[in-house]
Amino acid sequence: MQFRITKSLFFISVSGILLSASCSKKIDDAYLNPNAAVVEPIETILPGVIVAFTAFFSSAVTGYGVQADGILLGRYIQYWGTQTAGENYGQMGGTGSSDNTGGIWAAVYYGQGQNVNKIIQWGSEQEKWDYVGVGLAIRAWGWLELTNQYGDAILKQAFNTNLQQFNYDTQPEFYDSCRAICFRALSFLSRTDGNVSQKNLAIGDAYFYNGNVDKWKKFVYGTLARSYIDISAKDVFKANNYAYADSAIKYANLAMTTNEDNAMVKVAGGLTSQVNNYFGPFRGNIGAIRQSAYVANLMSGLNSGAFTGVPDPRAWYKLRENKTGVFKGLTPWLGTSGLTTNDYPQNFWGYTNTAAGVYTPSSTSAPTVDSSRYVYQNTSPWPLMTASEMQFIVAEAALRKGDNSSALTAYKKAISLDFDLLTTTYPQHIPVANQISLATTSAYLANPAIAPATGLTLTHIMLQKYIALYGWGTHQTWIDMRKFHYVDPDPATGRQVYSDFTLPIGPNLVATNNGKPAYRCRPRYNSEYLYNVPELTRIGAIDLNYITMECWFSQAK
Amino acid sequence: MGYTAQRIVVGNNNTYNTSLKSSSTQLQEVTVAMDIKRNPRELGYSVQKVSGKEIQETQRENFVNSLQGRVAGLTVTPTSGVAGASSSIVLRGFNTMSGNNQPLFIVDGIILDNQTLNENSYGGSGIGLASDLPNRNNDYTNRIADLNPNDIENVTVLKGPEATALYGSQASSGSLVITTRKAKNTNGKVLINYDDNFRMQKITRFADVNNDYGPGVNGVPTAPPLSGQFTSFGPAWPSDTKKYDNLHNFFRTGFSQTHNLGLDFGSQNSGFRLTGQYFNNEGVVPNNLYTKYNFKLSNNTKIGKHLTITSSIAFISSDNKKPIKGISGYLLDLYAWPANNDITNYQDAKGNKLLLFNSNYNVDYDNPIWSAYHNTSGDKSNRYVATLGIDFNPFAWLSIAGRFGYDTYKTDGYLLTHPQSYLLPVATGGSLDNYYRTYKGYNHTITATGRKEVGKFTGRLLVGTMWQDFETQQFGVVGTHLIDSSSTDSSNTLVGTRNRLLRNYFGLPNLSIIREIAYFGEATIGYNNVVFLSYSHRFETASVLPKKNRNYNYPGASLSVIISDLIPGLKTIKFLDFAKLRGSLASTARLNDPYSNQSVFVNNQSSSVVPGFTYGFTNANPDLHPERQRTYEVGPELRFLDNALTIEAAYYNTLCLDQISQGYRASYATGYVLNTGNVSSLRNQGLELTLTANPIKNKNFNWNINFNFNHMWSKVLTLPLAIGIKNDYYNSDTYLSGNVRGGLVRGYSTGTITGFGYQRNNAGQILINPANGLILLENLNYVRGDRTPDFTLGTLNSFRYKNFTLNFLWDLKIGGDIYNGTDYFLTTLGKSARTANRTTPIIVEGVLNDGLQNTDHPTKNTIVVSPYFLNTYYGSTSLPDEEFIQKDVNWLRLRDVTLGYSLPSKVFKKIKGMKSLSVFVTGNDLLLITNYTGADPAVNANNPGTNGVGSYGFDYGSPPTPLSLSVGLHANF
């Protein structure tokens with residue numbers, strides 16, 4: 001009996017040891033997440049990162065990028081306004097307890113964030129230098145976009161997954177970092193060794209540059225050009241005989257020169273939101289906004305100091321007519337602005353209540369069939385940076401340098417490129433009578449009110465750029481206008497650069513701004529105002545008037 | 001001897017009894033855990049047992065609901081009052097802020113699954129729905145409700161450290177050890193018992209609705225077609241308006257029937273038991289139906305002198321059809337519905353939703369009855385549980401036991417939103433979620449126990465191993481553009497619109513797997529049957545942790561001293577029969593959710609030529625180690641008056657360290673939105689008191705009374721650094737109405753409700769905007785209430801008079817705040833009773849925010865507001881969340897009352913073979929006395945699948961518990 005027990009115990013022990021060895025393996029097997037990978041091919045990560053330029057979209061998240069923020073910031077620069085009188089952003093108010101105007105913050109830190117880091121890291125490991133270059137290009141764009149919107153932000157400690165609190169860095173550090181990353185991006189994009197392949201890159205950027213590294217380089221040069229023209233109001237821009245102006249011109253000329261080179265974020269179109277343009281009727285995000293009176297007047301020849309008397313043929317593309325076929329708009333802080341129903345512009349999707357036979361311009365709905373124009377269609381490509389913009393950079397830099405003839409050439413080229421962009425990329429749904437032809441373009445350019453043979457001013461350049469970037473270039477236009485403190489006069493003419501532009505004042509300016517216009521956005525609420533408070537307190541960002549603090553890039557010193 | 005049968009039932013059905021020859025303490029032995037027989041004198045911690053009979057008498061199909069009030073320190077919160085609703089059960093407070101607080105269920109030594117489906121799928125990477133919902137729009141039965149209450153012999157509740165010390169980290173929220181009924185020795189005869197129950201249910205409590213006013217804004221009526229019909233801020237209805245009693249017309253009388261059949265057949269060495277249950281419940285909400293079949297066959301066989309085999313197989317099939325609750329559900333629609341419209345008229349001749357206020361189906365509101373029939377969900381489950389027990393007792397001093405169990409089920413479910421519902425735009429064309437869940441759980445426990453007596457010393461040594469392998473598989477698909485407006489088959493959606501869980505794209509289910517191996521030991525030494533010391537240690541290896549932190553261990557110890565024997569002088573105290581002091585302490589561990597240490601990619605379905613991926617929200621942490629709980633418990637056990645009175649008390653103190661905060665927010669600069677880390681801590685303390693008395697006991701009349709008192713308190717000690725001192729850590733599933741959520745703040749309890757409040761001056765007076773006389777909002781999610789009750793008291797009375805028995809349970813709760821989200825919703829619409837006096841101009845009590853507010857002479861507000869003309873007075877900026885948190889909600893509920901009568905044998909002797917017959921009437925929740933102004937404070941706006949504290953005490957769109965009355969009989973043949 002005793003023996004039997006001993007034997008049984010021995011048997012139990014041995015099987016116990018064997019069992020525990022097999023258990024240990026089974027435990028190992030169960031550790032890794034079987035549902036989702038910790039590594040994915042970088043080719044499959046890049047498409048989502050590209051969409052984060054405009055409106056990042058992953059599970060239950062959307063709107064991180066330039067588009068959602070643009071809808072709000074477009075009210076500061078009077079691209080458009082909502083129909084509600086006293087609306088916060090129309091009154092140049094900042095964001096309180098919400099994630100509004102936090103889209104770029106989320107796009108750069110989260111939507112692109114670690115995804116870009118992995119494209120760079122794994123791309124390097126796999127010697128896909130083109131992907132590495134693209135990752136760096138996107139990061140450089142992100143730092144510039146981020147700092148221009150928020151001023152100080154997190155740079156050195158960014159993407160540290162072990163930190164629970166983060167320190168802020170200053171804007172010049174972002175500019176320096178942006179440029180340094182641009183040069184690294186260019187060196188990687190120039191490599192042809194390793195596993196560089198147009199075909200392979202095209203898997204990742206099919207809806208952007210389709211694997212063309214030369215165009216990616218132009219995108220990087222464009223970012224560099226922006227980084228110099230953005231500081232054109234600083235004293236340092238004049239230093240060393242306008243060295244920075246030369247840099248801006250140099251990089252702008254190396255950047256996109258034709259509309260083929262334009263950085264365009266494209267969408268596939270289809271039944272789901274993810275594959276439709278954020279500004280299109282399917283997504284339904286811009287039903288409440290209407291073009292501003294400022295742009296409507298500017299493009300109708302009604303501005304007293306710029307292009308007076310010249311209706312802009314592009315208005316039929318970029319703006320929306322009212323019932324009488326005339327372009328009118330709202331004053332962002334006044335809402336409906338007292339326009340009569342027939343004067344009232346339709347929304348950007350051109351909704352009219354045809355069934356009822358009544359004109360209902362205040363509707364926020366979209367027509368059942370997409371008849372939108374320009375960048376307001378479901379499948380419109382979204383410009384991020386265009387050849388036209390680059391020529392405006394050249395024009396501004398050259399004019400500031402005193403090289404008026406180069407400025408004029410670039411200026412005319414810029415306008416012409418914008419006309420071409422409309423006729424080639426956005427010809428859809430334009431009434432036949434209002435379609436732009438080559439003759440229209442040349443007639444417009446030949447008009448001395450548009451392009452004077454002599455006497456080109458910053459007003460010409462900045463307001464034509466304002467028009468060219470209308471709709472999509474809100475962030476860049478806001479930078480431009482902040483450089484001129486919205487209403488600075490042109491020293492050359494003594495007249496306001498942004499002619500006729502008026503800021504909301506008195507009761508039309510939010511009280512918390514203490515009489516000052518908006519110069520920056522508050523960092524994203526649900527990221528910083530709840531979870532990074534000590535640092536916000538240090539930099540003075542807790543106050544609502546933080547948004548009136550001018551950024552480094554627009555200050556002379 | 002003196003042992004109160006009601007408190008701890010002697011395990012007289014236990015199969016060991018025959019193999020272990022009686023010793024002097026034999027009859028006192030109890031089984032607490034691990035099927036190990038223990039001398040009750042040695043227990044160094046409080047143990048409460050509830051008998052199966054008590055549970056069955058309540059006639060509650062989800063037996064978890066029958067435990068409330070019967071065990072000190074146990075809190076049950078049903079999610080709602082509909083048939084098939086889930087229930088949360090929490091022992092001694094919330095020990096983890098972001099993990100699972102539900103206890104472990106062990107049935108006959110086997111761990112059974114009690115998951116409640118959580119709708120979150122975390123970007124498709126989890127095991128929720130493909131639509132990745134925030135777990136608040138629907139409810140799913142907690143799976144332990146599959147257990148047939150009639151199979152339960154008893155439930156032992158292990159509340160403290162002893163549960164984890166023996167059952168491991170899975171039991172870090174305590175455990176419920178359930179023993180099922182075993183086959184009897186019937187001497188070769190077949191014994192049959194049958195019982196049934198027919199129950200009616202009725203909703204008698206509703207939110208306080210005002211139906212005096214018609215549609216409109218600021219007293220101005222809105223003209224049809226009305227998209228703002230439900231904003232009832234128009235003029236009062238004309239006096240001749242016909243109004244309908246929609247609330248009562250909506251709810252119906254619920255009906256359920258239960259039939260139980262049991263067969264016992266056994267001889268001396270082997271017995272079989274076959275039980276079956278049929279349960280069918282038409283709920284009080286239209287289109288709510290819950291049906292359950294339950295079969296179980298068990299056998300125990302003794303082979304030779306030393307070996308006993310116990311085996312069982314059970315099959316459970318359930319089918320639950322349930323309309324969608326919560327934010328988008330029928331109940332809020334019902335409350336908001338205009339009084340002048342008859343809800344019973346809800347569809348046109350063609351079967352379309354009846355258009356009332358708008359020409360567009362998807363803009364017009366959903367009639368609640370229409371919604372209940374067309375925005376629906378349902379699930380069907382088939383479950384098998386097989387168990388095998390082997391007991392080998394080669395010597396009187398040695399017993400070896402093995403418990404092997406396999407638990408598996410498949411659940412298929414759907415969630416349908418009708419194409420005409422206003423919940424979705426017309427372009428979406430309806431939506432349908434389908435899911436297919438498979439659970440497979442295997443576990444075994446093998447123990448060897450040796451016992452030895454040397455002189456006055458007794459010793460027992462237990463060594464054992466436990467293996468757990470739990471796997472949940474899930475397929476999920478969601479699509480829109482329904483082809484047929486009612487079909488719930490997944491093929492009913494447009495192909496191009498379908499979304500799946502991540503692995504489903506490859507034809508594989510998403511998985512959640514936990515595997516754990518453990519080795520443990522427990523040594524107990526007793527001296528003279530007076531002092532007992534026990535020490536245990538458990539070593540675990542768990543798959544959910546990274547390899548470097550995967551092996552961990554923890555100790556436990558307990559001490560029991562029978563002071564009435566140790567100090568003979570005590571016995572001379574009059575009336576005192578027995579006094580014991582006990583204490584225990586343990587350090588235990590708790591695990592994170594599987595995969596919370598790996599940052600993963602989720603689908604990104606933006607424009608791309610290849611399937612795209614993007615990092616999910618969560619910054620997972622590859623350095624996680626288990627949470628630690630350090631806990632101790634002390635208390636006495638006293639018996640008086642020939643054991644007619646027993647008092648037990650326990651004080652416990654649990655420090656939860658290195659808490660794994662899952663999904664805490666920080667700056668997006670981490671590259672993520674949510675983060676993970678061992679960064680929080682909290683402390684739970686409590687005092688439990690149980691008093692059992694038998695004031696009257698004679699041949700004809702017996703009265704037992706049992707009190708269960710519970711007072712607990714807790715404190716959040718640390719939170720992630722990213723969460724500021726004035727900010728809260730929260731589970732976003734609880735962020736479901738206004739800005740209210742179950743947020744946790746340092747220094748406060750785990751029951752806090754955070755939300756927006758009033759701005760106040762230094763003296764605490766409400767600040768008023770001098771411009772309009774309305775309040776100023778403090779839009780900060782700070783502590784506005786605390787759901788933790790001051791105390792709870794369960795009182796159970798049992799009377800027997802001759803053949804009559806009468807048992808009833810009172811459940812008293814004092815204190816604890818409730819968030820009335822339903823009232824918030826109705827107030828903003830002008831339908832709450834608090835908007836009834838809107839025509840009376842008022843001055844909001846407070847001081848003007850005019851610069852003098854913090855001086856000695858603040859300006860008292862004198863600005864008159866006319867709410868009737870200014871309905872923003874009822875908006876969320878004028879009545880902050882804090883206004884809707886009702887403080888100190890008390891209740892006294894008559895939970896269960898049963899009157900039984902055993903018929904004298906002469907009545908049934910004519911029926912051949914009938915041995916006994918009794919009839920009963922049972923009422924559940926018949927009486928609720930409360931100061932709560934809403935319908936029912938005991939609801940949960942999430943379900944127990946939500947991790948952390950969840951949203952118990954959040955009353956938002958959940959139907960209340962109905963009043964139930966049932967009759968039935970028990971018959972034995």
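Start by selecting strand 11 and strand 12 of chain B: the two form a hairpin with three residues between them. Keep in mind as you go that this is a predicted model. Colour residues 254-266 for strand 11 and residues 270-282 for strand 12, and you'll have an antiparallel pair held over 12 bridges. For a spot to zoom in on, pick B:Leu263, which sits opposite B:Leu274 of strand 12.

Now add strand 13 of chain B, residues 289-303. Strand 12 pairs with strand 13 as well, again in the antiparallel sense, over 13 bridges. Label B:Arg273 and you'll find B:Ser298 of strand 13 standing opposite. Strand 12 and strand 13 also make a hairpin, with six residues between them. Click on B:Asn287 in that turn and check its backbone: phi is positive, about 70°.

While you have phi on the screen, stay with asparagines in chain B. Most residues other than glycine have a negative phi. B:Asn135 isn't a glycine, yet its phi is positive at about 55°. Look for B:Asn135 in the loop between strand 7 and strand 8 of chain B. Is B:Asn135 buried or exposed? It counts as buried, because it has 30 C-beta neighbours inside 10 Å, and the cut-off for buried is 20 or more. Next, jump to B:Asn218, another non-glycine with a positive phi of about 55°. B:Asn218 lies in the loop that runs between strand 10 (190-202) and helix 4 (246-250) of chain B. With 15 other C-beta atoms within 10 Å, B:Asn218 comes out as partly exposed.

Go back to the loop of B:Asn135 and select the strands on either side of it, strand 7 and strand 8 of chain B. Both belong to an open sheet of five strands in chain B, with the order 3-8-9-6-7 and mixed pairing. Which strands stand at the edges? Strand 3 (48-51) and strand 7 (110-112) do; each has a single partner strand, so one side of each is left without a neighbour in the sheet. If you look across the sheet, the twist from one strand to the next averages 25°. For one pairing in detail, show strand 8 (residues 152-158) with strand 9 (residues 175-180): they run antiparallel over six bridges. Label B:Asn154 there, and its bridge partner in strand 9 is B:Thr179.

Time to bring chain A into view. Chain B puts 56 residues in contact with 61 residues of chain A. On the chain B side, the elements giving two or more residues are strand 18 (457-480), strand 20 (510-527), strand 24 (601-604) and strand 25 (612-615). Strand 20 of chain B gives the most, with five residues. Colour that side of chain B by residue class and you get 25 nonpolar, 26 polar and five charged.

Hide chain B for a moment and look for the largest nonpolar core, which has 209 residues. The members that touch the most others are A:Ala137, A:Ala140, A:Val220, A:Ala225, A:Ala248 and A:Ala395. Helix 5 of chain A (residues 129-150) supplies the largest share, 13 residues. Centre on A:Ala225: leaving out residues up to four places away in sequence, it touches A:Ala248, A:Tyr251, A:Ala252, A:Ala255, A:Met390 and A:Ile393. Apart from this core there's another one, of 70 residues, so to speak a separate stop; among its members are B:Ile316, B:Val544, B:Leu585 and B:Val949.

Back in chain A, select helix 15, residues 458-468. How many of its residues are buried? The count is 11 of 11. That run includes A:His460, A:Gln464 and A:Lys465 alongside A:Leu458, A:Ile461 and A:Met462. To see what covers helix 15, switch on helix 10 (293-298), helix 12 (387-401), helix 13 (404-425) and helix 16 of chain A, which are among the covering elements.

Leave helix 16 (residues 474-483) on and add helix 3 (residues 66-73) of chain A for the last stop. These two helices pack at an angle of about 45°, with their axes 9 Å apart, and are therefore oblique to each other. Helix 3 brings A:Val66, A:Gly70 and A:Leu73 to the contact, and helix 16 brings A:Thr474, A:His475 and A:Trp478. By class, that contact has three nonpolar, three polar and no charged residues.

Terms used
Residues numbered from 1 in each chain as written. Chains lettered and ligands numbered in written order. Predicted model: local features only at pLDDT ≥ 70, side-chain atom pairs only at ≥ 80, totals over all residues. Contact = placed C-beta atoms within 7 Å. Helix = DSSP H or I, 4+ residues; strand = E, 2+ residues; numbered from the N terminus. Nonpolar A, V, L, I, M, F, W, Y, C, P; charged D, E, K, R; others polar. Pairing = 2+ DSSP bridges. Core = buried A, V, L, I, M, F, W, Y, C linked by C-beta atoms within 7 Å. Buried ≥ 20, exposed ≤ 12 C-beta atoms within 10 Å, placed from the backbone. Axes fitted to C-alpha atoms, helices over the stretch in contact; angles between N-to-C directions. Parallel < 35°, antiparallel > 145°, perpendicular 65-115°, else oblique.
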